[in-house]
Amino acid sequence: MNAETGKPQTPYEALGGREVIARMVNRFYDLMESEAQYAPLRTMHAADLGPMRQSLTGWLCAWAGGPRDWFEENPGKCMMSAHRDLGVSRETAGQWADAMARAIAECGPENRELGRMMAERLDMMAQAMVVETD
Ligand code: HEM
């Protein structure tokens with residue numbers, strides 16, 4: 001927070017910090033677990049989504065300019081490389097981005113425009129993870 005203006009200095013602060021990010025991530029995995037339309041995406045993941053809830057929350061906090069614990073705990077780990085061998089398809093990437101956009105809209109920051117921008121960036125990242133099989 002800027003001491004003079006009282007305005008947030010990072011996207012992390014503007015989003016509402018770890019509390020809001022954890023809330024969005026939990027909603028994201030709840031949607032993935034409960035809705036049939038995300039079944040192909042759910043199948044790619046381990047049975048226990050608990051570790052993923054922690055990991056994605058930590059990664060997003062650092063990505064948004066907050067505490068960098070995730071990068072310190074995972075030195076040198078690149079999110080794009082980590083997904084290279086997972087066989088991300090256009091279909092499953094679309095499911096990931098759709099569930100995330102919904103989670104952000106439902107549980108995200110008060111600033112709707114910021115939430116929309118975040119969803120858009122994550123969508124671009126998910127699309128860039130697609131492995132072309134044709
Ligand atoms: C912006 C896009 C994405 C971000 C930020 C992201 C983030 C993450 C994170 C933080 C992890 C955990 C890594 C770890 O703790 O070692 C992970 C794992 C994983 N991600 Fe993503 N991911 C994205 C897109 C996707 C997409 C599009 C898919 C599939 C279509 C996907 C499928 C997976 C799977 C299957 C795992 C391993 C989970 C497990 O072992 O249960 N991710 N991702």
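**Note on the aromatic pairs and the largest pocket**

1. W59 and W63 both belong to helix α4, where they sit four residues apart, about one turn of the helix. The model is a predicted one.

2. Aromatic pairs number four in the structure. In the pair formed by W59 and W63, the ring centres are 5.7 Å apart and the planes meet at 15°; planes under 30 degrees apart count as stacked, so this pair is stacked.

3. The two tryptophans can also be described by accessibility. W59 has a relative accessible area of 8%, and is buried because the limit for that class is under 20%. W63 has a relative accessibility of 32% and counts as partly exposed, because this value falls between the 20% and 50% limits.

4. Away from this helix pair, F28, Y29 and W96 are linked into a cluster by ring pairs. W96 also has a place in the largest pocket: along with H45, M52, M79 and H83, W96 is among the lining residues that lie nearest the pocket centre.

5. The largest pocket holds about 530 Å³ of space, and its lining is made up of 22 residues. By class, 17 of these are nonpolar, four are polar and one is charged.

6. Which helices each supply at least two residues of that lining? They are α3 (39-44), α4 (50-63), α6 (79-82), α7 (90-107) and α8 (112-128). Helix α4 gives the most, with four residues; α4 is also the helix that holds W59 and W63.

How values were computed:
Residues numbered from 1 in each chain as written. Predicted model: local features only at pLDDT ≥ 70, side-chain atom pairs only at ≥ 80, totals over all residues. Heavy atoms only, no water. 1 Å grid on protein atoms, 1.4 Å probe; cavity = no way out; pocket = protein on both sides within 12 Å on 5 of 7 lines; lining within 4 Å. Points joined across faces, edges and corners; volume = space filled by probe spheres on them. Nonpolar A, V, L, I, M, F, W, Y, C, P; charged D, E, K, R; others polar. Phe/Tyr/Trp six-rings, centres within 6.5 Å; stacked < 30°, edge-to-face > 60°. Buried < 20%, exposed > 50% of the residue type's maximum accessible area, 1.4 Å probe, protein only.
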